[in-house]
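Let's take a walk through this structure together. Keep the 3D view open and turn it as you read.

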Amino acid sequence: MLRHERALRGLDEEIHDHIERETRDNIDRGLSPDEARRQAMVTFGNVALAKEDTRSVWAWVWAEQFLQDVRYALRTHLGNPAFALVVILTLAVAIGMNTAVFSMFNAVVLRPLGYPNAERLVWLSTISHEGEQGIVTGPDFTDWRNQAGSFEQMVAYGYSDYTFVSPRGASRVRAARVTEDFWNLSGAKPVAGRLPLREELGAVLLSSSLADRWFAGDPDVIGRTVTLDGRQATIVGILPQHFRFQLPGSPFPGFRPRDVDVYQQVRVSSQRGNGPVQLLSVVGRLKVGATLERARAEIEAIRARVAQAYPSPLNDQRVLRIVNVHDQLIGRTGLALRVLLGAVVFVLLIACANVANLHLARASVRTREIAVRMSVGASRGRVLRQLLVESLVLALLGGAAGLLIARLGVAAILRIDRYAIPRLTEATLDGRVLAFVVGMSLLTALAFGLAPIFTLWKTDPHEALKNANRAMSPGTSSVRAVLAAAEVALALILLIGAGLMAKSAYRMYDYTPGFEPERVLTAKVVFGGPGYANPQQSLAFATTLMDRVRREPGVEATSISTHGFMLSGGVDVEGDPVRTPEELGQRPPILVNATSAGLKRVMGLHLLRGRWFTDGEAAAVLNDSLARREMSGRDPIGRRIKVTETGPWLTIVGVVADLKYSQLDAPADPEVYVPYTRIENGLFAFTALILTANDPISLAPTLRKVMSDIDNTQVPDDVMSLEQGLAESIAPRRLNLFMFTTFAAAAIFVAMIGVYGIMAYSVSQRGYEIGIRMALGAQRRNVVSMVVSQGMQVTFAGITAGVAGALALTQFMKSLLYEVQPSDPLTFAVLTIGLGTTAFVACCIPALQAAFIDPAVTLRCE
Amino acid sequence: MSTKRSRERVELLQGTLDLLILRVLRLGPAHGHAIAKAIERGSEDVLQVEQGSLYPALHRLIKRGWITFEGGASENNRQAKFYRLTAKGRKQLDVETSRWDRLAAAIARILRPAAQER
């Protein structure tokens, strides 16, 4: 037996014995037995307190009391399950939302990349204007890697989408093409097989998920030869399940993000001069102690040497960009996530205010209970601890339920769009998230648990016991009114934030008449491999595909588009001086869209001037932006242009209005439409566009079948309606909108409960007063208007503060908005009135209850 | 209300009460009530010990290892513990006593001139 257990055993007996001895001594002194006992008790003092103090000499008592408090708290909450449930649910929603956002923030911003010493990884590129992704050429990369001393490794990489043909049919996979130092840089260790040898080409590693999909359960995957875009490759290894390609850079414009499933080692050409230019992304790991500044100076020096040896005007215009890989990867999403994190904290504040309000209401009922406990000897500290434990139990239960909500929430977000934010797929509930939940619960417990404690602190047991069930002090109810007003204010701020984003989305979806993306099926086709070496083959494929699809039932028109795949510095207008590459390079490139006669119909393009071209015609159509940029006020119709240096002369036959049909949140790029048959180098990729009578997705199988009939190695990519494609083009914004709307909805709900709660409580407390008023002749409508006006005072205070707060805070949302001002008056007005109306309804319910108070009943009760 | 007063007294007496208990136990083992009575009688009833505060003090001393206890039935057949000074407690008593003497002497030196002025 432990010493303290032995020491404390028989403490009750010992004290009894003590008092009995004292009593006997007193009797011996001549007192009556009763008086003797009374005096013995007085001399001894508070028995319970003495016992408790004795126990507390031994430290473990604290834990025992804590358990006792927890048991008592659970009993108390079980005795009032409605209260406990409301509190737990409110907190669960608030903590759940906060945790969901935090786990995203954690995965994207806080958690370092899964590669060793990720903090030393830097992204290197050259850009010609701000906002551009940037490129590095093969020879540049080779020079940097061989000459810069600040780096441990430097890796060049790019992506390819391959058609993989297996006995089960063809499918598309995304491959990362990496130089040999990638394995060291990423710390990749295959779970089966090996890494490629140095200089080994044609070796690929698979992600474990692809290995499962393609070769489920096959033990002989390693060493197998597969065909990727018609070329042979050998599988040498399989990477672990958790391994991901985490380096920044989008694959290529116009293609959806997708998990990398194949890793292929490639060589980079180091020869400067003619021939195709490899455009690469580059990441390096700095040596220990090397700084970004030193690395930058080194690379600049190398670039200067190269510029002297191989003068090239295009290279001079490009500016070196070196940043931490993590920063490059996050880009602007970091800001969006911070805004979300800030917004969701509001939900938590509202929930805390609401729960504090509920607690305050209950505190007035519990004053008596606490007075009793204090008068039998409980110290204030002990009562305070008890109350805190009660809050803590509720907060932890709320936190546990919140964890569940967060899990579901993150799963829902991933279902909406896995790739809306880079690394979003890595959002999981890890130790940091768990710590966040626990911390959050403790914090909320303190926040809402302290409010009633402040009022109970002043409790004088005598007063409390005397005035058994009187209403609490007016001071408390004003605290509650302030809390309710704060809830309204915070909810309004969130609501306005959500409203501004909704209006932005509305602006983005504001299609011109004739453009019906919900009726258009899109599919990307990429020509790879030896089968399409001859340019005519790709053109023939496009022609055949359009002809065959058009004959299918339900198809109204077909076309192809190379929107996003072909860029040019600008157009050469016949008769104008030919522009130098320097001049062309100074401005953002224009889009060259190799398309067909059907595009006007499919997209509902609106002709401003002239006409659309026919297939095979040596003609071109400009969009309005391009006409204004390149024609400088002259009439473009009838002029001849070249879209590439070596291309044929094309006559401009029309100008169409700008149309955003790939990226909803950016103005349309300057674009020139040319017949695809005039593209002499052939097409490397295009988007098939099919205008359907009604449901585009139902035609997807037909499209696949037609394509495989023409060439069974061709698989369409990203098959979806144009509507879906447009939605995905603003995926991060849609995610923000979804989250903000959810927050605002939760905030309003909780805040309205708050307003309703304070009014309902006030009515229940003032039942006596209202009864008297009615007995003295007050009409029901007087009572209703009295209660409603009291509630609306709280609401108006909240709304005023909310509008002021929103004006100050929506400024931070500027980059999340599109064609909407942060202080958009219409949004502010509509939502303020809307919230006010809702609050009015919330006040009316208790007001009507008050109106039906029966004075006879109420007055008799008191 | 009594709660508050008793709390204050415990704090007031804390060090002193410990010293007094040690002093009483030097004369031999005793149970709680006897210790309380010995303190009251020994001080000619000047020091009124609130007897309830004796027990926390006893346990504090047990915890520090200055006293120990043994169980035994008292004459009215109840469980009662007999508390006894340990060697460590005896040493502590000497230290505390000399410290108390120094303190008392110092306070007396300060108070006496003031008393003479009156």
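## A sheet and its helices

In chain A, helix α22 (residues 700-710) lies across three strands, β12 (520-526), β22 and β23, and runs at about 30° to β12(A). Another helix of chain A, α23 (residues 722-729), packs on the sheet too, touching β12 and β23 of chain A, and its direction makes about 105° with that of β23(A). A few terms before we go on: helices (H or I, at least four residues) and strands (E, at least two) are DSSP runs, numbered from the N terminus. Angles run from 0 to 180 degrees between N-to-C directions, with axes being lines fitted to C-alpha atoms, for helices over the stretch in contact. Two residues are in contact if their C-beta atoms, placed from the backbone, lie within 7 Å.

Keep in mind that this is a predicted model, where local features need pLDDT of at least 70, side-chain atom pairs count only at pLDDT 80 or more, and totals for chains, interfaces and linings use all residues. Residues are numbered from 1 along each chain as its sequence is written, while chains are lettered from A and ligands numbered from 1 in the order in which they are written.

Now for the sheet itself. It is an open sheet of four strands in the order β13-β22-β12-β23 (chain A), with antiparallel pairing. Why is one side of β13 (555-561) and of β23 (717-721) in chain A left without a neighbour in the sheet? Both stand at the edges, each with a single partner strand, so there is no neighbour on one side. From one strand to the next, the twist averages 15°. Two strands count as paired if DSSP finds at least two bridges between them. β13(A) and strand β22 (residues 685-692) of chain A run antiparallel and are joined by six bridges. In this part of the sheet, Ala557(A) stands opposite Leu691(A) in β22(A).

Back to α23(A): which of its residues are buried? They are Leu722(A), Gly725(A), Leu726(A) and Ala727(A). A residue is buried if 20 or more other C-beta atoms lie within 10 Å of its own, exposed if 12 or fewer, and partly exposed in between, with C-beta atoms placed from the backbone. The cover over these buried residues includes β12, β23 and α24 (731-765) of chain A.

## A buried glycine and two loop residues

Gly399(A) is found in helix α14 (residues 380-416) of chain A. Is Gly399(A) buried or exposed? Gly399(A) is buried, because 27 other C-beta atoms lie within 10 Å. Apart from neighbours within four places in sequence, Gly399(A) is in contact with Ile95(A), Val437(A), Val438(A), Met440(A) and Ser441(A). Leu442(A) is 43 residues away from Gly399(A) in sequence, and their C-alpha atoms are 9.2 Å apart in space.

Next, two residues other than glycine that have a positive phi:

| Residue | Phi | Loop in chain A | Other C-beta atoms within 10 Å |
|---|---|---|---|
| Asn117(A) | near 50° | between α6 (81-110) and β1 (121-127) | 14, partly exposed |
| Glu819(A) | near 55° | between α26 (780-809) and α27 (825-851) | 12, exposed |

## Zooming out on chain A

Chain A has 28 helices and 23 strands. An automatic or database domain assignment gives the bounds of domain 1 (3-58), domain 2 (62-115 + 332-470), domain 3 (135-317) and domain 4 (517-728). The centres of domain 2 and domain 4 of chain A, taken over C-alpha atoms, are separated by 56 Å.

Of the 862 residues of chain A, 42% count as buried. Along the principal axes, the C-alpha atoms of chain A fill a box of roughly 130 × 75 × 55 Å.

How sure is the predictor? pLDDT is its confidence in each residue, from 0 to 100. Chain A has a mean pLDDT of 85, with 92% of its residues at 70 or more. Over residues 468-472 of chain A the pLDDT is below 50, and this stretch has five contacts in the model beyond near neighbours in sequence. Where pLDDT is low, the predicted coordinates should not be read in detail.

## Meeting chain B

Chain B has four helices and two strands, in the pattern α-α-α-β-β-α along the sequence. Of its 118 residues, 28% count as buried.

The contact between the chains takes 23 residues from chain B and 24 residues from chain A. On chain B, at least two residues each come from α1 (2-26), α2 (32-42), α3 (54-64), β1 (67-73) and β2 (79-85). Which of these gives the most to the side of chain B that touches chain A? That is α3(B), with six residues.

How values were computed: pLDDT = per-residue confidence, 0-100.
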